[in-house]
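User: I would like to learn how to read a structure such as this one, feature by feature. Could you take me through it with care?

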Amino acid sequence: MTEDPTAPVVGVGPHPEPWPGDPRLDPELLAHGDRRNVIDRYRYWRLEAIVADLDRSRSGLHVAIQNWEHDFNIGSIVRTANAFNVGGVHIVGRRRWNRRGAMVTDRYLHVHHHADEQGLKAWLEERGIALVGVDNLPGSVPLETARLPGHCCLVFGSEGPGLTEEMVANCSTLVAITQRGSTRSLNAGAAAAIAMYHWSLQHPLPFVS
């Protein structure tokens, strides 16, 4: 199978010499090019340098996903969490999760694993982070009218079953995205993107240069 010469080129090629004397830059990437899924500001940077720079502006938002069914949406949710530079991503249940949709963005995040709902609850309570469930359940308040805490963890259930009863019991608040069509629920990855964006509107963060 040959490479399509008409396909768009991602990233940048080798850096012209002489190379900049910036310690954040990776000699291998400078020599061979940088085709990673990163913004232009981070071209040629070492992975560790990017993570350290992102740590300067992590938000108070965390995202948790219940991983009982090896859900394909998890990767998509993680990728969106990277875009919003969340404080942490939490996988609850199975340690292994489907990373394909994440497109390697999890490397730039702090990913935590919890064996069960109680493990997540304890981790968040120790740090004063409120647990907010996102699911179309009785008692949920409309997301568009909800005031989300500055330090909170939005938790999403597996596609289909949604949040477990124990996870719902641990949540301080339940929110739901108002729908007007015929479908019973939104795709979990789409719901997560909407919820994270709603939080970011209420808690805008300054850009760190």
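Analyst: We will go through the sheet, then one helix residue, and then the pockets, keeping in mind that this is a predicted model.

User: What is the strand order of the open sheet, and how do its strands pair?

Analyst: As a general idea, strands of a sheet pair through backbone hydrogen bonds, either parallel or antiparallel. Here an open sheet of seven strands follows the order β3-β2-β1-β6-β4-β7-β5, and the pairing is parallel. The edge strands are β3, covering residues 111-114, and β5, covering residues 141-142, each of which pairs on one side only.

User: How many bridges join strand β2 to β3, and which residues stand opposite each other?

Analyst: Strand β2 spans residues 88-93 and is joined to β3 by four bridges, with the two strands running parallel. Within this pair, His90 of β2 stands opposite His112 in β3, and Val92 stands opposite His114 in β3. On its other pairing, β2 meets strand β1, residues 61-67, in the parallel sense over six bridges, and there Val63 has Val89 of β2 as its bridge partner.

User: Is β2 mostly covered or mostly open?

Analyst: A residue counts as buried when its relative accessible area is under 20%. By that reading β2 is mostly covered, since six of its six residues are buried. A useful general point for looking at any such strand is that, when it is regular, the side chains alternate between the two faces of the sheet.

User: Which strands pair with β4, and over how many bridges?

Analyst: Strand β4, residues 130-134, pairs with strand β6, residues 152-156, in the parallel sense over four bridges, and Gly133 has Val155 of β6 as its bridge partner. Three bridges join β4 to β7, again running parallel, and in that pairing Val134 stands opposite Val175 in β7. Strand β4 is also mostly covered, with four of its five residues buried.

User: Is Thr80 buried or exposed, and what does Thr80 touch?

Analyst: Thr80 has its place in helix α3. Thr80 counts as buried because its relative accessible area is 15%, which falls under the 20% cut-off. Leaving aside residues up to four places away in sequence, Thr80 touches Ala193 and Met196.

User: What is the volume of the largest pocket, and which residues lie nearest its centre?

Analyst: In general, rolling a probe the size of a water molecule over the atoms shows where empty space is left. The largest pocket has a volume of about 620 Å³, and of the 25 residues that line it, Leu54, Asn82, Ala83, Phe84 and Asn85 lie nearest its centre. The elements that give two or more residues to this lining are α2 (47-55), α3 (73-83) and α6 (188-202). Sorted by class, the lining of the largest pocket has 14 nonpolar, eight polar and three charged residues. At least three lining residues come from each of domain 1 (11-57) and domain 2 (58-202).

User: How much space lies in the second largest pocket, and which residues line it?

Analyst: The second largest pocket holds about 390 Å³ of space. Its lining is made of 21 residues, of which Val134, Asp135, Asn136, Ser185 and Leu186 lie nearest the centre. Both β7 (173-176) and α6 supply at least two residues of this lining, and by class the lining has ten nonpolar, eight polar and three charged residues. Val134 therefore links two parts of our tour, being named here among the residues nearest the centre of the second largest pocket and earlier as the residue opposite Val175 in β7.

Terms used: Residues are numbered from 1 along each chain as its sequence is written. This is a predicted model: local features need pLDDT of at least 70, side-chain atom pairs count only at pLDDT 80 or more; totals for chains, interfaces and linings use all residues. Side-chain values use heavy atoms; hydrogens and water are left out. On a 1 Å grid over the protein atoms alone, a cavity is a set of points where a 1.4 Å probe fits but cannot get out, and a pocket is an open set with protein on both sides within 12 Å along at least five of seven lines; lining residues have an atom within 4 Å of a point. Grid points are joined across faces, edges and corners, and a volume is the space filled by probe spheres set on the points. Ala, Val, Leu, Ile, Met, Phe, Trp, Tyr, Cys and Pro count as nonpolar, Asp, Glu, Lys and Arg as charged, and the others, Gly among them, as polar. Domain bounds come from an automatic or database domain assignment. Buried means under 20% relative accessible area, exposed over 50%, partly exposed in between (1.4 Å probe, protein chains only). Two strands pair if DSSP finds at least two bridges between them. Contact means heavy atoms within 4.5 Å.
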